Amino acid sequence: MLSLRDLRVRVGEREILKGLTLDVPSGEVHAIMGPNGAGKSTLSYVLTGRPGYEVTGGAAELDGVDLLGLEANARAAQGLFLSFQYPLEIPGVPALTFIRAAMNAQRKARGEAEISAPDFLKQARVCASDLKIDFDMLKRPLNVGFSGGEKKRMEVFQMAMLSPRFMILDETDSGLDIDALRIVSDGVNALRGPGRSMLVITHYQRLLDYIRPDRVHVLADGRIAASGGPELALELEREGYDKYARAA
Amino acid sequence: MSLDEAIRLRDPSRLPSRRDEDWRWTDLRGLLRTVPEPSQRLEPGELGVGPFDGLEGEAILVANGAGPEDLRIVADESRTVILRNVSRGDGAHASRLRIEVAAGGRLTLLESHEGGGAGLSLLGIDLSLGEGASCERLVLSDLDPESVAVVELDVRLSARTRFAQTLMTTGARRQRLETRVRHPGQGAEVRLDGAYVLRDRRHADLTTSVRHEGPDGRTEQLTRGIVDDQARAVFQGRITVQEGADGADARMAHNALILSDRAEVDARPELEIYADDVACAHGATVGALDEDVLFYMRQRGLPEAEARSLLAASFLGEVLDRVEAPVPVEYLRAWLAARLDAGI
Ligand SMILES: Nc1ncnc2c1ncn2[C@@H]1O[C@H](COP(=O)(O)OP(=O)(O)OP(=O)(O)O)[C@@H](O)[C@H]1O
Ligand SMILES: [Mg+2]
């Protein structure tokens, strides 16, 4: 599904990703762990097309489609979704208005018909109740004044509504209380299935108890430094990243 | 300086210029070397439809400066008036309209400024409200890119009156919409709002001055605008609270988005307070659309142009949330949406 080959990325003068190779097959969930500043968020931004990230080499494909040649919104229409580490506030635009506009823009890009207002509202009610989101909150401007945990929950709500096929979760667990972590994880697990894959970026084993990964990768100093099964996360929890520290 | 005299006497030396403190950003003398000849008569049949057509109300037409001079709303009467101010050709004209709303009367004034050609026009309106009367004035202005146009409103309020206005404009070659209010306090309330969307080389000047002359008056003001390309917006808001006008409550905000580095916003909010126990505040911001927010929106699938106009519409939409007339506000919303759909 997602295939990254020797990806090299610079921000300004600095090379952040230094030849990153990774495959996430269809239907699998892969976790990425790694020290602060390793380049995990940079990877999520470059895949989703944020301006300011210069790809100096390598390739990134989603089901054979070259992502790097597409506009950010075209990548979204291809089914790529990023749950942001720091979700942004959209002043004056109610959450439901925004999500409906996004959904219809994606449908339009794929040549599909718009969703009807009743169908949209029905789906929103179901997703909100699954994620224990108060429906009135969806009438407020998106994320404006929301708590850190509420913003993360809104990210997963949008993900459930848009139903993407490749999901990147950048520290979606940070800021969530114990109950919210379980509710959000249930929401994420409900999106697992054949034809859908995820990249779960986290610092904590606890999330991976809920969202069981097929593979775990260590991203250190701009590269995948190690890969393994779920046991790798447990090992990292015990031993830290010392042995992946820059081997000059 | 008097624009009215400059037009009537065809004397360019009387045009307001940068040397007049209140006109320094809307210089007409430097722009026009001569005052154009008087405008030709316009036949009402040639004027097409106005932006408020379809709404119930009494129609009043000012065509190249020709129109009625007086309008009276008698005591306790409630009326909607649709005032079209239409200019064509490249001549100059000036006119004045007096509107009197007697005690307890209610007026909804739906006013449009249309056309303009390459001419110079002035419309002055004197509005007086008797005790307990109210007026809401909603203005849509869409002028030709070559026109130079000024609209001045002088408002006199009485005790317990309410005057509210929302101006919406796309500017002109040079346009000034000026509102001057004598505020008696005594429970009278004023709202002076505006929104502008300026592109190309258009200019709009929204100038207001409110003079609180008696105790316990309220004034609130919200102006928001967007400037793109080489457009220029001017906002001058002055609130004066005279000695003795104690307990006045005045709030003013002007927020602009600049979408191009060649566009310009000149803003001058002024509060002059000579009374006691006054609550006054003003806030002004000029900024750009947030690139991080735009990326977030695009990550969800919105094309850039759509993301920009959604942000712009919600930014300007807060002005419309304050309009009171329930049906006309939908006309304002549609007008704004159409101006933003053209791309931001
Ligand atoms: N716009 C930028 N300008 C300069 N340096 C940047 C920029 N964005 C990221 N970096 C640098 O790139 C490196 C990788 O940052 P990134 O956010 O990808 O790390 P991360 O692995 O997500 O860390 P964390 O676990 O703390 O979230 C950091 O050293 C960061 O300072
Ligand atoms: Mg990060």
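Around ligand 1 in this predicted model, the shell is made up of 13 residues, and those that come nearest are A:N36, A:G37, A:K40, A:S41 and A:T42. Two elements of chain A, β2 (14-24) and α1 (40-48), each give two or more residues to this shell. Of these, α1(A) supplies the largest share, with three residues. Sorted by class, the surroundings of ligand 1 come out as eight polar, three nonpolar and two charged residues.

Over in chain B, the thing to look at is an open sheet of eight strands, paired in parallel and running in the order β2-β4-β6-β8-β10-β12-β14-β16. Its edges are β2 (70-73) and β16 (264-273) of chain B, each of which pairs on one side only. From one strand to its neighbour, the turn averages 10°, ignoring direction. At one end of the order, β14 (residues 232-241) of chain B pairs with β16(B) in the parallel sense over 10 bridges. Within this pairing, B:R238 has B:E270 of β16(B) as its bridge partner.

Then there is helix α4 (residues 328-341) of chain B. At 1.5 Å a residue, its 14 residues should span 20 Å, and the end C-alpha atoms do sit 20 Å apart, so the expected and modelled spans agree. Six names make up the buried set in α4(B): B:P328, B:L332, B:W335, B:L336, B:R339 and B:L340. These residues cover an arc of only 130° around the axis, and therefore lie on the same side of α4(B). The other side of α4(B) carries B:A334, B:A338 and B:D341, which are exposed.

How values were computed:
Residues numbered from 1 in each chain as written. Chains lettered and ligands numbered in written order. Predicted model: local features only at pLDDT ≥ 70, side-chain atom pairs only at ≥ 80, totals over all residues. Pairing = 2+ DSSP bridges. Helix = DSSP H or I, 4+ residues; strand = E, 2+ residues; numbered from the N terminus. Axes fitted to C-alpha atoms, helices over the stretch in contact; angles between N-to-C directions. Near = placed C-beta within 6 Å. Nonpolar A, V, L, I, M, F, W, Y, C, P; charged D, E, K, R; others polar. Expected span 1.5 Å × (residues − 1). Buried ≥ 20, exposed ≤ 12 C-beta atoms within 10 Å, placed from the backbone. Arc of directions from axis to C-beta.
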